[in-house]
Number of protein chains: 2
Amino acid sequence: MVPIGFERHDHADCVEAAIAAADARCTENGLRLTPIRRRVLEILLSRHCAIGAYDILDILKSDGVKAQPPLVYRALDFLTGHGFAHRVERLNAFVACAVPGQRHAPVLLICRTCARVAETHAEDDTALGRATRDSGFVVERAVMEAEGLCPTCQENAT
Amino acid sequence: MVPIGFERHDHADCVEAAIAAADARCTENGLRLTPIRRRVLEILLSRHCAIGAYDILDILKSDGVKAQPPLVYRALDFLTGHGFAHRVERLNAFVACAVPGQRHAPVLLICRTCARVAETHAEDDTALGRATRDSGFVVERAVMEAEGLCPTCQENAT
DNA sequence: TGTTATTCGTTATAGTATAACATATCAACT
DNA sequence: AGTTGATATGTTATACTATAACGAATAACA
Ligand SMILES: [Zn+2]
Ligand SMILES: [Zn+2]
Ligand SMILES: [Zn+2]
Ligand SMILES: [Zn+2]
């Protein structure tokens, strides 16, 4: 399985498809992708990087919106709550979901050099799955994040 | 593999053994388990729960130490840096390592009801391992955390 | 004992997130 | 169209988490 985010790709397509998918899914499920929520999603999609809430806030302000922190956090709650984005716990930041439209336990690969974040997802027989089967712990939400070097940055480092 | 933390056990032994292990390993490796570092470790060990840096600070203060945030964060840096404790990214908090003495990618199971945190560890064939093998990403640090209900809290919920 | 590296004390400040409440907008029904 | 209840936004204030910076004290070593 190749994670999404590090490989060269047509990113304009990538963004457009994600927005279209979000639109469709919101319509389907009676969710409201309001202008602010949509804009925050666009900002997250603009790069395959984690972006902090206050960076998003700054971008909104530079758009001319008179925005305060709760505005951003509410939009992020919506987006993460419905699987359009993920919180990157390691960075206290957020990233657009690369495979929206399916329930999944995201696996985020965070490059410490270029700051890009790629996403793949876990199959069931992970350490997490195994541990919980053995212990009776019921997982409601799983976070898997790896920090390291992406292929490009490894080449540049040599 | 049964995670450590949820099962009933002799916790006094548990703490004593952990402190002894930390002492031994520090001596072996020329590390200094100073009074403050040791005290912070004791505080973390006192419960199989994640504890916030400022809660630790309050406990130190109630000990009579005139402590400021950097004191705590430095101790935590030491403890996490040498594997005596882990940062719980999901909670911006810290927990004593339940299997110190071996390099490991910890898997933390966080009960959202009783706040206890159990620890197990990942074998190599995790989703992370697989994802990175395929993609060429080099993992330097892995975070795996699951939030949910521990066995005890499931029973109580019914 | 002098030298160097590490740790600690202290002040200030940066960065992240939420509580609380007023206002506005939407959606569904009468 | 007007009423009503639910959802979303605007706004202020504040809580929580973490680090920078620098000097003083302490430990390790020659
Ligand atoms: Zn893209
Ligand atoms: Zn995703
Ligand atoms: Zn114990
Ligand atoms: Zn551990």
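What share of the atoms of DNA strand C within 4 Å of the protein belong to sugar or phosphate? The figure is 50%, and the rest belong to bases.

## Ground rules

This is a predicted model, where local features need pLDDT of at least 70, side-chain atom pairs count only at pLDDT 80 or more, and totals for chains, interfaces and linings use all residues. Residues are numbered from 1 along each chain as its sequence is written, chains are lettered from A and ligands numbered from 1 in the order in which they are written, and side-chain values use heavy atoms, with hydrogens and water left out.

## Around DNA strand C

There are 17 residues around the strand (a heavy atom within 4 Å of it). Those that come nearest are A:Tyr54, A:Arg87, B:Thr34, B:Leu71 and B:Arg74.

Now for the polar contacts (pairs of N or O atoms within 3.5 Å). B:Thr34 puts a polar side-chain atom 2.8 Å from a phosphate oxygen of DNA strand C, and a side-chain N or O atom of B:Arg37 sits 3.3 Å from a phosphate oxygen. With B:Arg74, the partner is a base oxygen, 2.3 Å from a side-chain N or O atom.

## The zinc site

The zinc ion (ligand 3) takes its protein donors (N, O and S atoms within 2.8 Å of the metal, or 3.2 Å for Na, K and Ca) from chain B: B:His9 (NE2), B:His11 (ND1), B:Cys14 (SG) and B:His48 (NE2), lying 1.9 to 2.4 Å from the ion. Along the chain, their spacing reads H-x1-H-x2-C-x33-H.

The four donor atoms subtend angles of 107 to 116°, so the arrangement is tetrahedral (four donors, all angles between 85 and 135 degrees).

Notes:
Tetrahedral: all angles 85-135°; square planar, octahedral: opposite > 155°, others 65-115°. Polar contact = N/O pair within 3.5 Å; in protein donor to acceptor, adjacent residues only side chain to side chain.
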